[in-house]
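Let us take a walk through this structure together. Please have the sequence and the 3D view open side by side as you read.

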Amino acid sequence: QKNGRENGFLPGGGVVWYKKELEWNPLWEGKKVFIEFDGAYMNSTVWLNGYKLGFYPNGYLGFSYDLTPYLVKGTNVLSVRLDNSRLPSARWYSGIGIYRHVNLVTTDPVHIARFGTCIRAEEISTESARICIETEVNSPEACEVPIKLISVIRDSRGREVGRSQRNGQISCYQLTLFDTICVENPRLWSPDTPECYYMESFVEKEGKIVDNYTTRFGIRRLEYIPEKGFRLNGIPTKMKGVCLHQNMGAVGTALAEDIWHKRLIQLKKMGCNAIRTSHYPYAPEFYAMCDTLGFMVIDEPWDGWFHWYGCHKVPYDYSNDFLDWWEKDLPDFIKRDRNCPSVVMWSLGNEVWGYDR
């Protein structure tokens with residue numbers, strides 16, 4: 001089935017199925033096993049061994065399911081159905097299918113939640129910075145579980161620059177631990193000096209490390225002053241940027257990291273220092289490149305909200321699902337990207353009011 005002019009009259013509609021056999025791994029015994037999709041377009045339904053894990057309409061934001069209750073010791077069958085049969089569903093070429101990475105993640109029952117770290121830099125100067133850390137630790141057990149959380153910060157060269165530890169006790173499925181670490185002589189993130197730091201979080205239970213999680217972040221100070229404009233680390237900074245879509249010309253939308261890297265290098269050579277993600281969340285790899293190459297990002301979650309008076313941009317886009325899903329999708333979107341030093345501004349949508357009215 002073909003799309004209209006916005007999609008270049010290219011094929012992109014219909015229903016597609018994926019099937020994957022997973023052989024039981026003895027290392028899964030006593031563990032939690034998750035499947036994580038970074039993006040699948042669109043209206044996905046996922047089953048494991050005939051059990052429906054869930055439905056998710058958004059084609060641009062990742063989602064995750066717990067496989068543990070449905071795994072068997074033998075051959076496990078994972079099935080995915082994607083439905084883009086109602087067209088048009090976007091004002092650009094979207095394609096259809098699983099077009100970003102899919103990861104199988106194994107953790108201890110007591111583990112750091114997906115996107116469960118929140119890192120903020122405060123009291124920033126060239127001499128020091130105070131790193132404030134929030135860490136969500138999950139447990140399937142309602143009983144009390146004593147743990148120790150060890151946080152280690154390393155610079156881009158792998159050198160340890162700070163460490164802390166905090167004791168806690170999970171009493172109701174989830175525990176949020178707060179801590180601070182002082183980093184001396186920090187290298188401040190900017191487009192000219194895109195210095196990233198990495199926080200390694202370790203969960204210790206009964207004297208053993210049972211889980212670890214790495215978070216990339218940066219140390220920088222953002223100021224938006226009406227009389228003075230935007231300042232990055234106290235320096236007046238102009239955003240010289242572009243709006244991009246994730247599709248890569250004739251290559252399509254399936255994630256091709258080498259092409260994205262080449263595109264960003266070309267933009268850098270042109271003098272570009274900012275990118276607006278129009279008009280949806282991109283793949284995690286894009287933000288990693290912006291963090292390390294030095295691009296400021298205006299992060300946008302969707303092209304529109306709900307319809308006004310029956311008017312909309314295209315008949316079958318995310319606005320049909322907005323009222324039912326935004327309260328889940330918006331926090332997931334923010335939690336996913338909140339630690340990226342490249343993200344300097346958040347957008348709540350594209351042409352939301354003026355266009356739909």
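The paragraphs below go through sheets, a helix pair, cavities and some backbone details.

Keep in mind from the start that this is a predicted model. A good place to begin is the open sheet of 3 strands in the order β10-β11-β14, where the pairing is antiparallel. Its edges are formed by β10 (111-122) and β14 (174-184); each has a single partner strand, so one side of each is left without a neighbour in the sheet. From one strand to the next, the twist averages 20 degrees. As general background, strands of a sheet pair through backbone hydrogen bonds, in either a parallel or an antiparallel way. Here, β10 runs antiparallel to β11 (residues 128-138), and 8 bridges join the two. If you would like one pair to look at, pick Arg-120, whose bridge partner in β11 is Cys-132.

While you are here, follow the chain into the loop between β10 and β11, where you will find Glu-123. This residue has a positive phi of about 50 degrees although it is not a glycine. Most residues other than glycine have a negative phi, and most peptide bonds are trans.

The second part of that background leads to two peptide bonds. The one from Tyr-41 to Met-42 is cis, with omega near -10 degrees, and Met-42 sits in the loop between β3 (40-41) and β4 (44-48). The bond from Ser-278 to His-279 is also cis, with omega near 0 degrees. His-279 belongs to the loop that links β21 (274-277) and α2.

Next comes another open sheet of 3 strands, ordered β6-β2-β9 and paired in the antiparallel sense. Its edge strands, β6 (63-66) and β9 (102-107), each pair on one side only, and the twist averages 20 degrees from one strand to the next. Between β2 (residues 32-37) and β9 there are 6 bridges, again antiparallel. Val-33 has Thr-106 as its bridge partner in β9.

Now turn to the helices. How do α1 and α2 pack? Helix α1 (residues 257-270) and helix α2 (residues 284-293) meet at an angle of about 35 degrees, with their axes 11 Å apart, and their crossing is right-handed. On the α1 side, Glu-257, Trp-260, His-261, Leu-264, Ile-265 and Lys-268 take part in the contact, while α2 brings Glu-285, Phe-286, Met-289, Cys-290 and Leu-293. Sorted by class, the contact has 7 nonpolar, 1 polar and 3 charged residues.

Finally, look for empty space. Rolling a probe the size of a water molecule over the atoms shows where such space is left. Searching the whole structure gives 3 cavities of 30 Å³ or more. The largest cavity holds about 200 Å³ of space. Its lining has 21 residues, and those closest to the centre are Tyr-60, Ser-89, Trp-92, Asp-317 and Tyr-318. By class, the lining of the largest cavity comprises 12 nonpolar, 6 polar and 3 charged residues.

The second largest cavity contains about 70 Å³ of space. Its lining includes Trp-260 and Phe-286, two residues that you have already met in the contact of α1 with α2. Others along this cavity are Tyr-99, Arg-100, Gln-246, Met-248, Thr-253, Leu-255, Tyr-282 and Ala-283. Its lining divides into 7 nonpolar, 2 polar and 1 charged residues.

Methods: Residues numbered from 1 in each chain as written. Predicted model: local features only at pLDDT ≥ 70, side-chain atom pairs only at ≥ 80, totals over all residues. Heavy atoms only, no water. Pairing = 2+ DSSP bridges. Helix = DSSP H or I, 4+ residues; strand = E, 2+ residues; numbered from the N terminus. Axes fitted to C-alpha atoms, helices over the stretch in contact; angles between N-to-C directions. 1 Å grid on protein atoms, 1.4 Å probe; cavity = no way out; pocket = protein on both sides within 12 Å on 5 of 7 lines; lining within 4 Å. Points joined across faces, edges and corners; volume = space filled by probe spheres on them. Nonpolar A, V, L, I, M, F, W, Y, C, P; charged D, E, K, R; others polar. Left-handed = near helix turned anticlockwise from the far one by under 90°. Contact = heavy atoms within 4.5 Å.
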